[in-house]
Amino acid sequence: MEIFYYLVFGGLGAVVAAIELSKNNKDRINTSPAFNSFKNNYLLVYSLMMAGDWLQGPYVYYLYSQYGFGKGEIGQLFIAGFGSSMLFGTIVGSLADKQGRKRACVTYCITYILSCITKHSPHYKVLMLGRVLGGIATSLLFSAFESWLVAEHNKRGFEQQWLSITFSKAIFLGNGLVAIVAGLFGNVLVDTLSLGPVAPFDAASCFLAIGMAIILSSWTENYGDPSESKDLLTQFRGAAVAIASDEKIALLGAIQSLFEGSMYTFVFLWTPALSPNEEEIPHGFIFATFMLASMLGSSLASRLMARSSLRVESYMQIVFTVSAASLLLPILTSFLVAPSQAKGGSISFSGCVQLLGFCAFEACVGIFWPSIMKMRSQYIPEEARSTIMNFFRIPLNIFVCIVLYNVNAFPITIMFGMCSIFLFVACILQRRLLVIAEKPKTEDWTTLERVTEAEPLNI
């Protein structure tokens, strides 16, 4: 492997270590032993859940190809996953507010374990069922756990600022360290031990089962709106009215969809961007480097959110600007650097430049997750937290399905340009959110409930 990859990885590791070791009292928040115990329990469960997710990611496409499916059929399977998350996942995820967030987290574990089991079958219909189950699980992962955390944190009377500690640590561990370890562990299972591409899915099932046992034994149940008289349709209407009537919630949903849509598109594009002429690149090592960059971002976010004088809405404008600029690099290098016509070989100079830019983007991802979590905890009403969060994922899933369907229809520079534009728009919307953040909510949830029950929603 070329020295360049080691230099980038080592440099990022050194910066992360320096940031963590240089934290002073201004960068830390004094908390109680009760909160620390609560936080550590949640972080353990969240890390196990993310380990179950990260172990699968690198091997889904590879497993399908080993079963003999072509790009078209694999693309259909991936679209089914995102479509399921949009349709069925929205309904199941929204039930968490009424039926209980703990129950929804247990449902995530069971659903994802069943999805992993389907990977043992080479039959297309069974694999399609697995993708549907996986889409439902994804919606629960990105709504139920956060909803349970925020409600339980408030129920136990912990200070609001302490939430930022849990958010930043969850991303640092679950989306950084666990992702790196999971990637290396999966590599050992598949390559070193030669257990085959199904082995990571079996390991994921084990981690999910352990996490589910901890949830069942140590978590208490909490709800959003447990009203017996409210059906799911009324709950959807209430969530839609909340988004339509409160500009802050609507802006937050738009910002999240724009950033995550760009992020998921980047996941599909970084490999062809770094190897346009079939250059040999170490995919696993580059993935680990990206996760280390994400750890760097979450470490920075923890320091930023520890300062009460600094608003999340303010610094996120800079984050979106940097992320937009970093995804412009593939376009700039295509104009400024003469393309190589030689097939194979090592990564090109333009590829090296793009890799550095992609690391900057992943650092922005690391800052984005805990920051958007904190803003959601501030602006989304508790009674419909899971429902609204799953509403936010509907345009995201539609966008990703469209990208997957047309990924070969446009040049890669056009796709990156589109993502960059989306991120600049997110920056503008974030500026608007900062301006109106101090305005009081026009209506509380109780008022919105009366509105939705008294008259139909016209959209």
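Colleague: Which residues line the second largest cavity?
Modeller: Keep in mind that this is a predicted model, where local features need pLDDT of at least 70, side-chain atom pairs count only at pLDDT 80 or more, and totals for chains, interfaces and linings use all residues. Residues are numbered from 1 along each chain as its sequence is written, and side-chain values use heavy atoms, with hydrogens and water left out. A cavity here is a set of points, on a 1 Å grid over the protein atoms alone, where a 1.4 Å probe fits but cannot get out, and a lining residue has an atom within 4 Å of a point. For the second largest cavity, that gives E20, K23, S168, K169, F172, S298, S299 and S302.

Colleague: Which elements give two or more residues to that lining of the second largest cavity, and how does the lining split by class?
Modeller: Helices are DSSP runs (H or I, at least four residues), numbered from the N terminus, and the ones giving two or more residues here are α8 and α12. For the classes, Ala, Val, Leu, Ile, Met, Phe, Trp, Tyr, Cys and Pro go down as nonpolar, Asp, Glu, Lys and Arg as charged, and the others, Gly among them, as polar. The lining comes out as one nonpolar, four polar and three charged residues.

Colleague: How much space lies in the largest cavity, and how much in the second largest?
Modeller: Rolling a probe the size of a water molecule over the atoms shows where empty space is left. Grid points are joined across faces, edges and corners, and the volume is the space filled by probe spheres set on them. Two cavities reach 30 Å³ or more. The largest holds about 140 Å³, and the second largest about 30 Å³.

Colleague: Which residues lie nearest the centre of the largest cavity?
Modeller: Its lining draws two or more residues from each of α2 (33-54), α7 (144-155), α8 (163-192), α11 and α15. By class, the lining has 10 nonpolar, two polar and four charged residues. Of the 16 lining residues, the ones nearest the centre are Y46, F142, E146, M373 and R376.

Colleague: What is the radius of gyration of the chain, and why does it agree with a compact globule?
Modeller: The fold has 18 helices and zero strands (a strand being a DSSP E run of at least two residues), and its C-alpha trace spans about 65 × 50 × 45 Å along the principal axes. The globule rule, for a radius taken over C-alpha atoms, is 2.2 Å times the number of residues to the power 0.38. With 459 residues that comes to near 23 Å, so there is agreement with the chain's 22 Å.

Colleague: What share of the contacts between residues at least 6 apart in sequence join residues at least 24 apart?
Modeller: Contact means heavy atoms within 4.5 Å. Among the contacts at least 6 apart, the share joining residues at least 24 apart is 89%.

Colleague: Which helix gives the most to the largest nonpolar core?
Modeller: A nonpolar core is a set of buried Ala, Val, Leu, Ile, Met, Phe, Trp, Tyr and Cys residues joined through side-chain atoms within 4.5 Å. This one has 144 residues, and M49, Y108, F145, F290, M316, F358 and I388 touch the most other members. With 14 residues, the top contributor is helix α15 (residues 349-379).

Colleague: Is F290 buried or exposed, and what does F290 contact?
Modeller: Buried means under 20% relative accessible area, exposed over 50%, and partly exposed in between (1.4 Å probe, protein chains only). F290 sits in helix α12 and is buried, because its relative accessible area is 2%. Past its neighbours within four places in sequence, F290 meets F266, W270, L355, F358, C359 and E362.

Colleague: Which of the two states, buried or exposed, fits K248 and S262?
Modeller: K248 belongs to helix α11 (residues 247-274), and S262 is in helix α11 too. S262 touches F399, C419, F422 and L423, leaving out residues up to four places away. K248 has a relative accessible area of 5%, so the word is buried; S262 has 0%, so again buried.

Colleague: What is the phi of S194?
Modeller: S194 falls in the loop between α8 and α9 (199-218) and is exposed, because its relative accessible area is 57%. Most residues other than glycine have a negative phi. S194 has a positive value, near 55°.

How values were computed. On a 1 Å grid over the protein atoms alone, a cavity is a set of points where a 1.4 Å probe fits but cannot get out, and a pocket is an open set with protein on both sides within 12 Å along at least five of seven lines; lining residues have an atom within 4 Å of a point.
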